[in-house]
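Subject: Structure for you to look at

Hello,

Here is the structure I said I would pass on. My notes on it follow below.

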Amino acid sequence: MLEFFKILRRKLPPNAMISAAVQDTPFVGQDGKPMKDVSAFAPLLDLVTLMNYDIYETRQPPGPNAPLSNACADSSQPNDNAAAAYNSWTSAGFPADRIFLGVPAYGYVVQSQAGRLSARSPSRAYSEDGSGQIQFRSLLTQGILTQGFGRNVHWFIGFHAPMG
């Protein structure tokens, strides 16, 4: 992959910006594991965007789609979150000021057997196309969230995400 970015950098105009959408862990090396040193990519890439979402999708039990951190210390995937991704990439030598966070504008509706998660709104979000996925704009049109994000927003602190 490094050779690809070297060729790309040589072939593009000098002012061309090169970015990469990446997973929570650094690029995979020859051994099939995340690389411990990605500093050689820094002169070739202007930025990377951490694609920190679709972590749980529609699994049981439900979990966060794009967790900020493992603040509750109870995740079954404690390294799959924005804070851990940032730490992985910076520890591997990628410059912190060129790491961006990809933010999803959707989530998933999952049936849960849990008796109580937290205080909830009486409103329930629903998937408009039956796929289980709900677009952010649907949270507005269904009245789950208000345009100003002031009222009617209930936060489930463990997942750092609004619940409807």
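A salt bridge here is a side-chain nitrogen of Lys or Arg within 4 Å of a carboxyl oxygen of Asp or Glu. By that rule, a search of the whole structure finds 1 salt bridge. The pair is Asp 46 and Arg 9, whose side chains meet at 3.0 Å, N to O. It links distant parts of the chain, with Asp 46 in the loop between β1 and β2 and Arg 9 in helix α1, 37 residues apart. Asp 46 is partly exposed, at a relative accessible area of 27% (buried means under 20%, exposed over 50%, and partly exposed in between, with a 1.4 Å probe and protein chains only).

Please note that this is a predicted model, in which local features need pLDDT of at least 70 and side-chain atom pairs count only at pLDDT 80 or more, while totals for chains, interfaces and linings use all residues. Residues are numbered from 1 along each chain as its sequence is written, and side-chain values use heavy atoms, with hydrogens and water left out.

On confidence: pLDDT is the predictor's confidence in each residue, from 0 to 100. The chain averages 79, and 74% of the residues score at least 70. Among the elements, helix α1 (residues 2-11) has the highest mean pLDDT, 96, and strand β6 (residues 154-156) the lowest, 43. Over residues 149-164 the pLDDT stays under 50, and the model has 36 contacts beyond four places in sequence for that stretch (contact means heavy atoms within 4.5 Å).

On the overall layout: the chain has 3 helices and 7 strands, in the order α-β-β-α-β-β-β-α-β-β from the N terminus. Helices (H or I, at least four residues) and strands (E, at least two) are DSSP runs, numbered from the N terminus. Of contacts between residues at least 6 apart in sequence, 61% join residues at least 24 apart. Buried residues make up 30% of the 164 residues.

On the interior: the largest nonpolar core has 17 residues, and those with the most contacts inside it are Phe 5, Phe 27, Leu 45, Trp 89 and Phe 94. The elements giving two or more residues to this core are β1 (19-22), β2 (47-50) and α2 (82-91). Such a core is a set of buried Ala, Val, Leu, Ile, Met, Phe, Trp, Tyr and Cys residues joined through side-chain atoms within 4.5 Å. Setting aside residues up to four places away in sequence, Phe 5 touches Ile 18, Ala 20, Phe 27, Phe 41, Leu 44 and Leu 45.

Is Asp 24, in the loop between β1 and β2, buried or exposed? Asp 24 counts as buried, at 7% relative accessibility. Beyond four places in sequence, its contacts include Met 51, Asn 79, Asp 80 and Trp 89.

On the surface: the chain exposes about 10,300 Å², of which carbon and sulfur atoms supply 55%. Accessible areas come from the Shrake-Rupley method with a 1.4 Å probe; for residues, only the protein chains shown count as cover. Leu 68, Leu 101 and Val 103 make a nonpolar surface patch of about 300 Å². Patches are made of residues with over 30% relative accessible area and no salt bridge, with like charges joined within 9 Å and nonpolar side chains (Val, Leu, Ile, Met, Phe, Trp, Tyr) within 5 Å. Val 103 is in the loop between β3 (99-101) and β4 (106-108) and is exposed, at 65% relative accessible area.

Regards
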